[in-house]
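Reader: I would like to go through this structure with you, with some care over the terms as they come up. Could we begin once it is in view?

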Amino acid sequence: MGWSSCGSWLAAVTTSGVVHLVDGETGAQHTEWLAHENGALALCWHPRLPLLASSGQDGHVRLWHVAPDHSCALLIDIPLTEDPANNWIEHLSWRPDGAQLAAACGKKIHLLALDGTREGEYTFPGGTVGALCWRPKGAQLAAAGYGGIRVYNVLDRNSRSQALKWKGSLLSLNWSPDAQVIAAGCQDNSVHFWRLPKLSDAMMSGFTYKPVQLSWSKNSRWLLTGGSSQLILWSFDKKGPEGKPPVTVDFHQEAICAIDFANSGQMLATGCRAGKIAFWNQVGDSTPALEAQLDSRVEQLAWSPRKNVKRLASTSRHGTLSLWEAIAA
């Protein structure tokens, strides 16, 4: 699930390969189409254009153009691999300026131009890529997996990748908005982070579950993590989070499995396995401003990118896509 950069549309893809295009204000469905016959795995909106990238289990990346009348047309079909044993493209990520799309298939990372041209390829040394993330407002691509993180400078193909080593397997990745910290959720129920450019690192452990969910506040002050039924917020001020306990809040009855900070203001949202969504006005609140209940486990949460718009999209395990207006928050 993802919002278009303008906030006008919301797209969600199913495991059967169907993409649903929804109105970003009313929630009404505009159209749907079969993007990948063998099932879809990822989608990602262009950061500036009405362009949607999708990938699936068929080894193809497809670029779709959404017109003002909400119709959708296939622009480019890019086959990356024909190997039936290794053709799942699980991760897509646009460069912040929209010049390139990164696509991960197994241990290979492909760089694609807007016209579909292959502009580069990297091989992650730890095997299958677990996550991709671009440096905010930059051209450095981070890839996580077994053995840590590799950071590639896509503007200098002759440069060596920067290795942020870790002995275990990393499952998720998120770069702080100010580009000073890279955080990763680990297989061993911990969060590891590196401060840049000095590469000093630290680990936050003690999670009940794997803390795959990572979300930064827009001012880079707070890192919200999953891995527990508690809200766990780590302060990245000048003195932390090393040696300081996190801010924790008890509310959810089951493990938190979806989180997101709003794109403007201080609001955040959390969702748990019991299907409960909580809307929080700001860090430090002991009780949520609003609550909502889904029909099953909360799978994803995403705030609208429009400034001063308190609209949240959610998906459930049973496939329900919902829009919530946090009017009273």
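Reader: Is Arg 95 buried or exposed?

Author: The model is a predicted one, in which local features need pLDDT of at least 70, side-chain atom pairs count only at pLDDT 80 or more, and totals for chains, interfaces and linings use all residues. Residues are numbered from 1 along each chain as its sequence is written, and side-chain values use heavy atoms, with hydrogens and water left out. Buried means under 20% relative accessible area, exposed over 50% and partly exposed in between, with a 1.4 Å probe and protein chains only. Because its relative accessibility is 10%, Arg 95 counts as buried.

Reader: Which residue does the side chain of Arg 95 meet in a salt bridge?

Author: A salt bridge is a side-chain nitrogen of Lys or Arg within 4 Å of a carboxyl oxygen of Asp or Glu, and by this rule the count comes to 12 salt bridges. The partner has a relative accessibility of 32% and therefore counts as partly exposed. With 2.8 Å from N to O, the side chain that meets Arg 95 is that of Asp 97.

Reader: How many residues apart are Lys 108 and Glu 121, whose side chains also meet in a salt bridge?

Author: Their N to O distance is 3.4 Å, and Lys 108 is partly exposed at 28% relative accessibility, as is Glu 121 with a relative accessible area of 45%. Strands (E, at least two residues) and helices (H or I, at least four) are DSSP runs, numbered from the N terminus. Lys 108 belongs to strand S11 (residues 108-113) and Glu 121 to strand S12 (residues 118-123), so the pair links distant parts of the chain, which are apart in sequence by 13 residues.

Reader: In which strand is Glu 299, the salt-bridge partner of Arg 317?

Author: The closest N and O atoms of Arg 317 and Glu 299 are 2.6 Å apart, and Glu 299 counts as partly exposed at 28% relative accessibility. Arg 317 lies in the loop between strand S28 (311-316) and strand S29 (321-325), so the pair ties together parts that are 18 residues apart in sequence, with Glu 299 in strand S27.

Reader: Which residue in S29 is the bridge partner of Thr 315?

Author: Two strands pair if DSSP finds at least two bridges between them, and S28 pairs with S29 in the antiparallel sense over five bridges. S28 is also joined to S27 by five bridges, again antiparallel, and there Gln 300 stands opposite Thr 315. Six of the six residues of S28 are buried, with Arg 311, Ala 313 and Thr 315 on one side and Leu 312, Ser 314 and Ser 316 on the other. In S29, the bridge partner of Thr 315 is Leu 321.

Reader: Which residue in the turn between S28 and S29 has a positive phi?

Author: S28 and S29 form a hairpin, with four residues between them. The residue in that turn with a positive phi, of about 90°, is Gly 319.

Reader: Which strands stand at the edges of the open sheet of six strands?

Author: The order of this sheet is S13-S14-S15-S16-S17-S18, with antiparallel pairing. Four bridges join S13 to strand S14 (residues 140-153), where Ala 142 is the bridge partner of Cys 133. Each edge strand has a single partner strand, so one side of each is left without a neighbour in the sheet, and these strands are S13 (131-134) and S18.
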